[in-house]
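Me: I'm new to reading protein structures, and I'd love a close look at a single part of this one. Could you pick a piece of the sheet and walk me through what surrounds it?

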Amino acid sequence: MTNTKWMKEMTSAELAEAVKTCDTVIIPGGAIEVYGPHLPLGSDSIVSKAICERVAARTNAIIGPFIEVGESASLYEFPGTIKIMPQTYAMMITDIIDSLAHWGFKKFMFINMHAGNVPIITQICKEKIREYGIRCAQIDWWRFIQPNSVDICECKGWMAHGHASESGTSVMLYLHPEYVEMDKLTKVEQDPSLYKYPDIVTYPEFSERTKNGTLGDATLASREKGEKIVTKCVDRIVQYMVENGFGC
(Lines give C-alpha, C1' and ligand atoms only; values in the text may rest on other atoms or scores of the structure.)
Protein backbone atom coordinates (compact mmCIF):
# COMPACT_ATOMS: atom_id res chain seq x y z
CA MET A 1 0.00 0.00 0.00
CA THR A 2 1.63 3.22 -1.17
CA ASN A 3 0.09 5.51 1.46
CA THR A 4 0.80 3.39 4.52
CA LYS A 5 3.22 4.56 7.19
CA TRP A 6 4.83 1.88 9.32
CA MET A 7 6.45 3.30 12.43
CA LYS A 8 9.34 0.85 12.07
CA GLU A 9 10.18 2.33 8.66
CA MET A 10 10.27 5.95 9.89
CA THR A 11 13.17 7.84 11.40
CA SER A 12 12.82 9.24 14.90
CA ALA A 13 12.53 12.77 13.51
CA GLU A 14 9.90 11.71 10.96
CA LEU A 15 7.80 10.11 13.65
CA ALA A 16 8.01 13.14 15.94
CA GLU A 17 6.81 15.34 13.10
CA ALA A 18 4.06 12.94 11.98
CA VAL A 19 2.50 12.71 15.46
CA LYS A 20 1.90 16.46 15.37
CA THR A 21 -0.70 16.00 12.64
CA CYS A 22 -1.83 12.42 13.32
CA ASP A 23 -1.96 11.01 16.84
CA THR A 24 -3.71 7.75 15.84
CA VAL A 25 -1.72 4.52 15.86
CA ILE A 26 -2.88 1.16 14.57
CA ILE A 27 -1.53 -1.88 16.44
CA PRO A 28 -1.63 -5.10 14.36
CA GLY A 29 -2.11 -8.30 16.33
CA GLY A 30 -1.93 -11.91 15.22
CA ALA A 31 -0.80 -15.36 16.24
CA ILE A 32 1.44 -18.21 15.18
CA GLU A 33 -0.65 -21.35 15.49
CA VAL A 34 -2.16 -24.23 13.57
CA TYR A 35 -4.66 -22.95 11.01
CA GLY A 36 -5.97 -26.09 9.41
CA PRO A 37 -3.96 -28.39 7.14
CA HIS A 38 -4.25 -25.94 4.23
CA LEU A 39 -3.08 -22.61 5.67
CA PRO A 40 0.22 -21.42 7.19
CA LEU A 41 0.85 -21.05 10.92
CA GLY A 42 1.03 -17.28 10.55
CA SER A 43 -2.34 -16.82 8.84
CA ASP A 44 -3.67 -14.50 11.55
CA SER A 45 -0.59 -12.30 11.33
CA ILE A 46 -0.58 -12.34 7.52
CA VAL A 47 -4.20 -11.16 7.44
CA SER A 48 -3.58 -8.56 10.15
CA LYS A 49 -0.78 -6.93 8.15
CA ALA A 50 -2.92 -6.72 5.02
CA ILE A 51 -5.95 -5.28 6.79
CA CYS A 52 -3.93 -2.75 8.77
CA GLU A 53 -2.27 -1.47 5.61
CA ARG A 54 -5.62 -1.05 3.88
CA VAL A 55 -7.07 0.83 6.83
CA ALA A 56 -3.99 3.01 7.32
CA ALA A 57 -3.94 3.98 3.66
CA ARG A 58 -7.44 5.43 3.99
CA THR A 59 -7.16 7.03 7.44
CA ASN A 60 -3.55 8.27 7.35
CA ALA A 61 -2.94 6.59 10.72
CA ILE A 62 0.51 5.28 11.56
CA ILE A 63 0.97 1.53 11.96
CA GLY A 64 2.82 0.79 15.17
CA PRO A 65 4.56 -2.34 16.50
CA PHE A 66 3.32 -5.62 15.04
CA ILE A 67 2.60 -8.24 17.71
CA GLU A 68 2.76 -11.39 15.57
CA VAL A 69 2.32 -13.92 18.39
CA GLY A 70 -0.56 -14.36 20.82
CA GLU A 71 -2.23 -16.29 23.62
CA SER A 72 -2.57 -19.64 21.80
CA ALA A 73 -2.27 -22.06 24.69
CA SER A 74 -5.37 -24.04 23.70
CA LEU A 75 -3.71 -24.99 20.40
CA TYR A 76 -0.36 -25.97 21.92
CA GLU A 77 -0.84 -29.64 21.05
CA PHE A 78 -0.43 -28.79 17.36
CA PRO A 79 3.14 -28.51 16.00
CA GLY A 80 4.45 -25.00 15.46
CA THR A 81 2.02 -23.19 17.73
CA ILE A 82 3.69 -20.42 19.74
CA LYS A 83 2.20 -20.00 23.22
CA ILE A 84 2.44 -16.56 24.80
CA MET A 85 1.11 -16.58 28.34
CA PRO A 86 -1.53 -13.97 29.27
CA GLN A 87 0.73 -12.16 31.72
CA THR A 88 3.49 -11.92 29.10
CA TYR A 89 1.09 -10.57 26.49
CA ALA A 90 -0.34 -8.10 29.00
CA MET A 91 3.13 -6.78 29.77
CA MET A 92 3.88 -6.31 26.07
CA ILE A 93 0.64 -4.39 25.49
CA THR A 94 1.26 -2.29 28.59
CA ASP A 95 4.79 -1.34 27.56
CA ILE A 96 3.77 -0.58 23.98
CA ILE A 97 0.93 1.72 25.04
CA ASP A 98 3.15 3.41 27.64
CA SER A 99 5.82 4.09 25.04
CA LEU A 100 3.47 5.31 22.32
CA ALA A 101 1.53 7.52 24.73
CA HIS A 102 4.84 8.96 25.90
CA TRP A 103 5.63 9.99 22.32
CA GLY A 104 2.30 11.71 21.74
CA PHE A 105 -0.17 9.13 20.46
CA LYS A 106 -3.65 9.64 21.87
CA LYS A 107 -5.81 7.24 19.84
CA PHE A 108 -5.09 3.51 19.65
CA MET A 109 -6.81 1.16 17.19
CA PHE A 110 -6.01 -2.51 17.79
CA ILE A 111 -6.69 -4.64 14.69
CA ASN A 112 -6.40 -8.06 16.27
CA MET A 113 -6.87 -11.41 14.54
CA HIS A 114 -6.77 -13.80 17.49
CA ALA A 115 -9.58 -14.37 20.01
CA GLY A 116 -7.20 -15.25 22.83
CA ASN A 117 -5.71 -11.76 22.72
CA VAL A 118 -9.04 -9.92 22.99
CA PRO A 119 -9.69 -9.93 26.76
CA ILE A 120 -6.06 -9.08 27.52
CA ILE A 121 -6.06 -6.07 25.20
CA THR A 122 -9.43 -4.99 26.64
CA GLN A 123 -8.20 -5.13 30.22
CA ILE A 124 -5.02 -3.15 29.55
CA CYS A 125 -6.83 -0.57 27.40
CA LYS A 126 -9.32 0.15 30.17
CA GLU A 127 -6.47 0.75 32.61
CA LYS A 128 -4.56 2.99 30.22
CA ILE A 129 -7.63 5.03 29.28
CA ARG A 130 -8.00 5.90 32.96
CA GLU A 131 -4.28 6.54 33.36
CA TYR A 132 -3.58 8.66 30.28
CA GLY A 133 -6.97 9.83 29.02
CA ILE A 134 -6.25 8.17 25.68
CA ARG A 135 -8.88 6.57 23.46
CA CYS A 136 -8.78 2.91 22.46
CA ALA A 137 -10.79 0.64 20.17
CA GLN A 138 -10.31 -2.96 19.12
CA ILE A 139 -11.33 -4.95 16.06
CA ASP A 140 -11.73 -8.62 16.99
CA TRP A 141 -11.44 -9.52 13.30
CA TRP A 142 -12.90 -13.03 13.04
CA ARG A 143 -15.84 -12.03 15.30
CA PHE A 144 -16.12 -8.60 13.67
CA ILE A 145 -16.63 -10.05 10.20
CA GLN A 146 -19.53 -12.31 11.26
CA PRO A 147 -22.33 -9.71 11.24
CA ASN A 148 -20.71 -8.09 8.22
CA SER A 149 -20.72 -11.20 6.03
CA VAL A 150 -24.07 -12.88 6.66
CA ASP A 151 -25.01 -12.36 3.03
CA ILE A 152 -21.66 -13.61 1.72
CA CYS A 153 -20.95 -16.98 3.36
CA GLU A 154 -22.95 -20.05 2.38
CA CYS A 155 -22.72 -21.70 5.80
CA LYS A 156 -24.57 -20.19 8.72
CA GLY A 157 -23.42 -19.73 12.29
CA TRP A 158 -20.16 -21.18 13.52
CA MET A 159 -19.64 -23.37 10.42
CA ALA A 160 -18.96 -20.27 8.31
CA HIS A 161 -16.66 -18.65 10.83
CA GLY A 162 -14.94 -21.53 12.54
CA HIS A 163 -11.19 -21.87 12.68
CA ALA A 164 -9.70 -21.89 9.14
CA SER A 165 -13.20 -22.38 7.77
CA GLU A 166 -15.16 -20.80 4.91
CA SER A 167 -14.65 -17.15 5.85
CA GLY A 168 -11.05 -17.43 7.04
CA THR A 169 -9.96 -19.42 4.00
CA SER A 170 -11.83 -17.07 1.66
CA VAL A 171 -10.04 -14.06 3.13
CA MET A 172 -6.68 -15.76 2.61
CA LEU A 173 -7.62 -16.74 -0.96
CA TYR A 174 -8.22 -13.07 -1.69
CA LEU A 175 -5.27 -11.58 0.17
CA HIS A 176 -2.61 -14.27 -0.35
CA PRO A 177 -3.76 -17.19 -2.51
CA GLU A 178 -0.18 -18.40 -2.81
CA TYR A 179 -0.36 -19.60 0.81
CA VAL A 180 -3.51 -21.71 0.41
CA GLU A 181 -3.06 -25.43 -0.33
CA MET A 182 -6.31 -26.09 -2.15
CA ASP A 183 -5.92 -29.86 -2.20
CA LYS A 184 -6.01 -29.95 1.62
CA LEU A 185 -9.30 -28.13 2.27
CA THR A 186 -11.51 -30.06 4.69
CA LYS A 187 -14.90 -29.95 6.40
CA VAL A 188 -14.91 -30.65 10.14
CA GLU A 189 -18.14 -30.82 12.12
CA GLN A 190 -18.14 -30.25 15.87
CA ASP A 191 -19.08 -32.99 18.31
CA PRO A 192 -22.55 -31.99 19.63
CA SER A 193 -21.75 -33.53 23.02
CA LEU A 194 -19.29 -30.71 23.66
CA TYR A 195 -22.24 -28.31 23.67
CA LYS A 196 -24.84 -30.33 25.56
CA TYR A 197 -24.75 -27.63 28.26
CA PRO A 198 -24.35 -24.34 26.35
CA ASP A 199 -25.20 -22.35 29.47
CA ILE A 200 -22.14 -23.73 31.28
CA VAL A 201 -18.65 -22.35 30.54
CA THR A 202 -16.24 -25.22 29.91
CA TYR A 203 -12.65 -25.41 28.71
CA PRO A 204 -12.11 -28.20 26.17
CA GLU A 205 -8.75 -28.47 24.48
CA PHE A 206 -8.81 -27.45 20.83
CA SER A 207 -7.73 -30.97 19.85
CA GLU A 208 -10.97 -32.29 21.33
CA ARG A 209 -12.89 -30.24 18.77
CA THR A 210 -10.73 -30.89 15.70
CA LYS A 211 -7.85 -33.18 14.77
CA ASN A 212 -6.46 -31.04 11.97
CA GLY A 213 -7.03 -27.45 13.11
CA THR A 214 -10.10 -26.75 10.96
CA LEU A 215 -13.53 -26.11 12.45
CA GLY A 216 -16.21 -25.72 9.82
CA ASP A 217 -16.25 -26.13 6.06
CA ALA A 218 -13.19 -24.75 4.28
CA THR A 219 -14.22 -26.41 1.01
CA LEU A 220 -16.79 -23.65 0.41
CA ALA A 221 -14.16 -20.91 0.43
CA SER A 222 -13.55 -18.72 -2.61
CA ARG A 223 -11.52 -15.68 -3.58
CA GLU A 224 -14.71 -13.82 -4.50
CA LYS A 225 -16.16 -14.28 -1.01
CA GLY A 226 -12.89 -13.16 0.52
CA GLU A 227 -12.83 -9.98 -1.54
CA LYS A 228 -16.38 -9.12 -0.51
CA ILE A 229 -15.62 -9.76 3.17
CA VAL A 230 -12.42 -7.72 3.19
CA THR A 231 -13.93 -4.83 1.23
CA LYS A 232 -17.03 -4.61 3.38
CA CYS A 233 -15.15 -4.92 6.66
CA VAL A 234 -12.38 -2.46 5.80
CA ASP A 235 -15.07 0.03 4.77
CA ARG A 236 -16.75 -0.47 8.14
CA ILE A 237 -13.52 0.04 10.12
CA VAL A 238 -12.64 3.17 8.15
CA GLN A 239 -16.15 4.53 8.63
CA TYR A 240 -15.89 4.07 12.39
CA MET A 241 -12.45 5.67 12.57
CA VAL A 242 -13.43 8.70 10.50
CA GLU A 243 -16.73 9.27 12.32
CA ASN A 244 -15.15 8.86 15.75
CA GLY A 245 -12.05 10.99 15.38
CA PHE A 246 -9.54 8.20 14.72
CA GLY A 247 -8.89 9.37 11.16
CA CYS A 248 -6.25 11.98 10.33
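Reply: Happy to! Let's settle on strand 2, where both faces are covered: Thr-24, Ile-26 and Pro-28 are buried on one side, and Val-25, Ile-27 and Gly-29 are buried on the other. Please keep in mind as we go that this is a predicted model.

Why can we call strand 2 largely enclosed by the rest of the structure? Simply count along it: 6 of its 6 residues are buried, so the rest of the structure largely encloses it. To be called buried, a residue must have under 20% relative accessible area.

Now let's see what lies beside the strand. The sheet is an open one, built from 5 strands in the order 1-3-2-4-5, with parallel pairing. Its edges are strand 1 (5-6) and strand 5 (135-140), each of which pairs on one side only. In that order, strand 2 sits between strand 3 and strand 4.

Take the strand 3 side to begin with. Strand 2 and strand 3 run parallel and are joined over 2 bridges. Here Val-25 stands opposite Ile-62 of strand 3. Turning to the other neighbour, strand 2 pairs with strand 4 over 6 bridges, again in the parallel sense. The bridge partner of Val-25 in strand 4 is Phe-108. That makes Val-25 a handy residue to click on, with Ile-62 opposite it in strand 3 and Phe-108 as its partner in strand 4.

You can keep walking outward from Phe-108. Strand 4 (residues 107-112) pairs with strand 5 in the parallel sense, over 6 bridges, and Phe-108 stands opposite Cys-136 in strand 5.

Helices pack on this sheet too. Helix 2 (residues 43-59) touches strand 1, strand 2 (24-29), strand 3 (62-63) and strand 4. The direction of helix 2 makes about 165 degrees with that of strand 2. Helix 4 (residues 118-132) also packs on the sheet, where it touches strand 4 and strand 5. The angle between the directions of helix 4 and strand 5 is about 170 degrees.

Next, look just before strand 2 in the sequence. Lys-107 and Asp-23 form a salt bridge, and their closest N and O atoms are 2.6 Å apart. Lys-107 belongs to strand 4, while Asp-23 lies in the loop between helix 1 (12-21) and strand 2, so this pair ties together parts that are 84 residues apart in sequence. Are these two charged residues buried or exposed? Both Lys-107 and Asp-23 are buried.

That salt bridge has company, because a search of the whole structure finds 13 of them. One group is a network that links Asp-98, Lys-128 and Glu-131. Another example is in helix 9, where the side chains of Glu-227 and Arg-223 meet at 3.2 Å, N to O. These two are 4 residues apart in the helix, which means that about one helical turn separates them. Unlike the buried Lys-107 and Asp-23, Glu-227 counts as partly exposed, at 34% relative accessibility, and so does Arg-223, at 39%.

Let's finish by following helix 2 away from the strand. Helix 7 (residues 166-175) is mostly covered, with 10 of its 10 residues buried. Those buried residues pack against helix 2, helix 5 (141-144), helix 6 (158-161), strand 7 and helix 9 (223-243). So which element links this helix to our sheet? Helix 2 does: the buried residues of helix 7 pack against it, and helix 2 in turn touches strand 2.

Strand 7 (residues 216-217), from that list of neighbours, holds Asp-217. This residue makes a nice contrast with Asp-23: Asp-217 is buried yet has no salt bridge, and the nearest side chain of opposite charge, Lys-187, is 4.3 Å away. A salt bridge needs the two atoms to be within 4 Å. The side chain of Asp-217 does make a polar contact with the side chain of Thr-219, at 2.4 Å. Lys-187, for its part, forms a salt bridge with Glu-189, with the closest N and O atoms 3.8 Å apart.

Key. Residues numbered from 1 in each chain as written. Predicted model: local features only at pLDDT ≥ 70, side-chain atom pairs only at ≥ 80, totals over all residues. Heavy atoms only, no water. Pairing = 2+ DSSP bridges. Contact = heavy atoms within 4.5 Å. Axes fitted to C-alpha atoms, helices over the stretch in contact; angles between N-to-C directions. Buried < 20%, exposed > 50% of the residue type's maximum accessible area, 1.4 Å probe, protein only. Lys, Arg positive; Asp, Glu negative; His and termini not counted. Polar contact = N/O pair within 3.5 Å; in protein donor to acceptor, adjacent residues only side chain to side chain.
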